[in-house]
Amino acid sequence: MADRDERRPRRRSRRRAPAAIAAAVTTGLVLAACAPGGNGGSPDTPDATDVSTELTKEKVKLTIADETGFPLTDKLTEEYTRQHPNITFDINRDTFQNLTANAPRLLASDNPPDLIRLPTMGETVKDGLLADLDPYHKAYGWDSWPEAQLEPLRMNEDGVRGSGPLYQLGLGYSVTGIYMNTKLAGELGIDGPPGTLAELEEDLATAKAEGVLPIVAGDKDGVVNFVVQAAMNQYADKDEFLSWMYNEPGARYDTPGNRKGAELVRKWADAGYFPKDINSLDYFAFVSRFSEGKGLFTFNGNWEAANYQKALGDDVTFFLVPPEKKGGKHVAMGAANSFSVAAKSPHKNEIVHFLNWVHSDEKARQIVLDVSGASAGGDPDLPQPKAEAGSLAEAALEMSAQLAEEGGQVDFMANTTAGIYSGSIIPESQLLVTSKLSGKEFVRRVQKFYEKEVGKR
């Protein structure tokens with residue numbers, strides 16, 4: 001084990017040297033180290049000597065468990081099989097909720113999927129259900145990828161993310177920001193995206209005064225938290241916030257910065273900047289409202305770039321949430337569309353070859369952008385996929401590159417524990433955005449739930 005430990009990339013102290021985020025970010029998940037729970041690792045996890053980057057010439061069928069409604073794996077596997085006809089795929093789909101709930105059972109079965117969409121690792125690492133991808137990290141030379149892209153995909157033996165072995169990779173990496181209806185903005189005398197939070201608030205007040213809905217959002221399923229976390233990001237200590245998301249001992253959510261961000265959202269609620277029926281609007285409803293031109297701003301991710309472009313044409317722009325002070329660095333949520341390899345998969349070399357191909361093949365990288373609006377990740381020196389000049393997709397790529405340069409990407413707080421999103425963040429945010437809960441009480445309640453899940457470390 002000592003030799004492997006020496007090869008393993010160590011998590012750097014974020015305080016002393018914040019890692020630069022990949023130009024292709026959203027969140028990468030890297031988990032490196034020995035398989036949990038034993039000396040020498042799990043027998044289902046390949047040692048470095050078992051790893052091959054040369055694709056077999058035998059016929060192999062790979063299985064993927066993915067979410068319903070997301071065609072990216074369909075398009076990627078179709079192209080991969082065209083290039084490598086001996087490798088075919090069987091993709092099984094289920095709802096996000098069912099897939100998340102059933103993942104441990106699927107991974108522990110006698111016939112697990114080779115690859116599974118897994119937004120939250122939970123206990124799967126502790127239970128030895130995921131393959132340690134560190135040997136492939138070395139074999140494929142993934143050390144050329146920004147470590148910050150992979151950091152959220154790592155987990156150590158204590159269940160803390162951000163360090164330890166690499167257990168996931170992304171099929172696309174997201175970036176979030178604000179979409180603005182430029183036609184409405186022009187009618188309101190707003191000549192461009194705000195440069196600071198204060199300027200954003202001025203624009204919100206202008207829209208409200210003129211009878212235009214300032215922020216199109218919905219919270220039936222919790223997605224107003226794109227707004228809530230965006231506000232927190234501008235005040236919070238990024239490293240402290242990430243420490244909490246990664247479940248580090250002693251980390252807290254009820255910090256002064258998070259409280260200040262939550263209080264800002266409560267202030268916006270009091271001012272009437274959100275839809276009156278916000279808690280009855282699910283994700284698709286509020287996306288449709290913005291697409292129909294029924295509001296000035298909406299907080300969302302690059303995955304909606306193509307849809308908003310199709311609906312609004314040239315009357316929409318996309319930009320990073322502005323910092324508190326002019327000239328300040330940007331902070332934004334981003335994450336990997338994270339997938340894990342089953343520890344019991346008999347085809348680890350083949351499925352990891354596919355994962356590496358997604359990050360490195362020119363056609364695969366273009367598919368990721370065209371289908372999902374996300375960047376492909378991987379080596380930032382590789383040519384970026386081509387986006388139409390002036391398009392929202394081009395803006396998203398530029399935003400990702402800017403975050404990479406400024407080291408400003410953070411994970412989604414909804415990914416912190418398996419139960420925190422539905423168990424606390426959604427119900428408490430529904431009270432916050434309807435002026436029934438203070439920002440101070442919001443962060444206190446979320447922290448209390450968090451402690452039930454991870455314990456007081």
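## Two helices in contact

Two residues are said to be in contact when heavy atoms of one lie within 4.5 Å of heavy atoms of the other. In this predicted model, contacts of that kind join helix 2 and helix 14, where Leu72, Lys75, Leu76, Glu79, Arg82 and Gln83 in helix 2 meet Lys363, Ala364, Ile367, Val368, Val371 and Ser372 in helix 14.

Helix 2 covers residues 72-83 and helix 14 covers residues 362-372, and the two pack at an angle of about 160° with their axes 9 Å apart. Because of that angle, helix 2 is roughly antiparallel to helix 14. The crossing in which helix 2 passes helix 14 is right-handed.

## The five-stranded sheet

One open sheet is built from five strands in the order 2-1-3-11-6, and its pairing is mixed. Strand 2 (87-94) and strand 6 (169-173) are the edge strands, each of them pairing on one side only. From one strand to the next, the twist averages 25°. Within this sheet, strand 1 (residues 60-67) pairs with strand 2 in the parallel sense over eight bridges, and Ile64 stands opposite Ile91 in strand 2.

Helices also lie across these strands. Helix 3 (residues 96-108) lies across strand 1, strand 2 and strand 3 (115-117), and the direction of helix 3 is at about 145° to strand 3. Helix 13 (residues 348-360) lies across strand 1, strand 2, strand 3, strand 6 and strand 11 (336-341), running at about 25° to strand 6.

## The three-stranded sheet

An open sheet of three strands has the order 8-7-9, and the pairing in it is antiparallel. Strand 8 (297-301) and strand 9 (316-319) stand at the edges with a single partner strand each, so one side of each is left without a neighbour in the sheet. Neighbouring strands here are turned by 30° against each other on average, when direction is ignored.

Strand 7, which covers residues 176-181, pairs with strand 9 in the antiparallel sense over four bridges, while five bridges join strand 7 to strand 8, again with the strands running antiparallel. Individual residues show how the strands are matched: Gly177 has Asn300 in strand 8 as its bridge partner, Ile178 stands opposite Phe319 in strand 9, and Asn181 has Val316 in strand 9 as its bridge partner. Six of the six residues of strand 7 are buried, so strand 7 is largely enclosed by the rest of the structure.

## The nonpolar cores

In soluble globular proteins, nonpolar side chains tend to be buried together. The largest nonpolar core of this model has 78 residues, and those with the most contacts inside it are Trp244, Trp268, Phe274, Leu296, Phe299 and Phe442. Helix 8 (residues 225-233) gives the most to this core, contributing six residues. A second, separate core has 37 residues, among them Tyr173, Val352, Val358 and Ala374.

Which residues does Phe299 touch, if residues up to four places away in sequence are not counted? Phe299 is in contact with Gly177, Ile178, Leu200, Ile215, Phe226, Val227, Ala230, Trp268, Phe286 and Val321. Of these neighbours, Gly177 is the residue whose bridge partner in strand 8 is Asn300, and Trp268 is listed with Phe299 among the residues that have the most contacts inside the largest core.

Methods: Residues are numbered from 1 along each chain as its sequence is written. This is a predicted model: local features need pLDDT of at least 70, side-chain atom pairs count only at pLDDT 80 or more; totals for chains, interfaces and linings use all residues. Side-chain values use heavy atoms; hydrogens and water are left out. A nonpolar core is a set of buried Ala, Val, Leu, Ile, Met, Phe, Trp, Tyr and Cys residues joined through side-chain atoms within 4.5 Å. Buried means under 20% relative accessible area, exposed over 50%, partly exposed in between (1.4 Å probe, protein chains only). Two strands pair if DSSP finds at least two bridges between them. Axes are lines fitted to C-alpha atoms, for helices over the stretch in contact, and angles run from 0 to 180 degrees between N-to-C directions. Angles under 35 degrees count as roughly parallel, over 145 as roughly antiparallel, 65 to 115 as roughly perpendicular and the rest as oblique. A crossing is left-handed if the near helix is turned anticlockwise from the far one by less than a right angle, and right-handed if clockwise.
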